[in-house]
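Open the model in your viewer and keep the selection tool ready. The tour goes from strands to surface to pocket.

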Amino acid sequence: MKANDVILRTVTKVAVFIILTYGVHLFLAGHYEPGGGFVGGLVLSSAFVLMYLAFDIETVQRGMPIDFKMVAGAGAFLSVATGTASIALGVPFLTQEEVHLPLPILGDVAFASVLLFEAGVALAVIGTVITIILSISEDV
């Protein structure tokens with residue numbers, strides 16, 4: 001018999017939004033303040049873990065059919081590709097470049113290549129954490 005988890009599920013719907021928003025903030029603030037791909041990825045994966053705890057694994061998989069092993073692999077590939085691209089351009093491994101683009105509302109915005117590297121790290125962390133959690137849950 002399944003317990004009635006109405007309060008947990010209702011709070012989870014709000015908390016996941018807050019956790020995801022904070023995780024994206026940590027990710028984007030990473031190269032100017034504490035945070036970055038690793039910490040942002042851990043916070044983002046905690047939102048997924050909360051969904052898996054509050055709802056059934058099959059329910060979450062139906063609503064979000066993502067293979068997290070592929071997410072981890074894509075993240076690792078993106079991180080390595082970012083470093084390798086700098087070698088292909090004739091500069092040392094993982095050299096950061098920055099481009100300033102004038103945007104209509106935001107003004108002059110700087111885009112750094114480290115953002116791609118950090119995105120790869122975040123995806124690798126999310127994929128690894130969720131894969132581990134799902135593997136543990138299969139054994140229980």
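Select strand β1 (residues 98-103) and strand β2 (residues 107-112): they run antiparallel, joined by six bridges. Strands here are DSSP E runs of at least two residues, helices are H or I runs of at least four, and both are numbered from the N terminus. Two strands pair when DSSP finds at least two bridges between them.

This is a predicted model, where local features need pLDDT of at least 70, side-chain atom pairs count only at pLDDT 80 or more, and totals for chains, interfaces and linings use all residues. Residues are numbered from 1 along each chain as its sequence is written, and side-chain values use heavy atoms, leaving out hydrogens and water.

Next, follow the hairpin from β1 to β2; three residues make the connection. Now look across the pair. Val-99 stands opposite Phe-111 in β2. His-100 stands opposite Ala-110, also in β2.

Which helix gives the largest share of the lining of the largest pocket? Select helix α4 (residues 68-88), which supplies four residues. Show the full lining: Leu-78, Thr-82, Ala-85, Ser-86, Leu-89, Val-91, Thr-95, Glu-97, Ser-113 and Leu-116. A pocket is an open set of points on a 1 Å grid over the protein atoms alone, where a 1.4 Å probe fits, with protein on both sides within 12 Å along at least five of seven lines; lining residues have an atom within 4 Å of a point.
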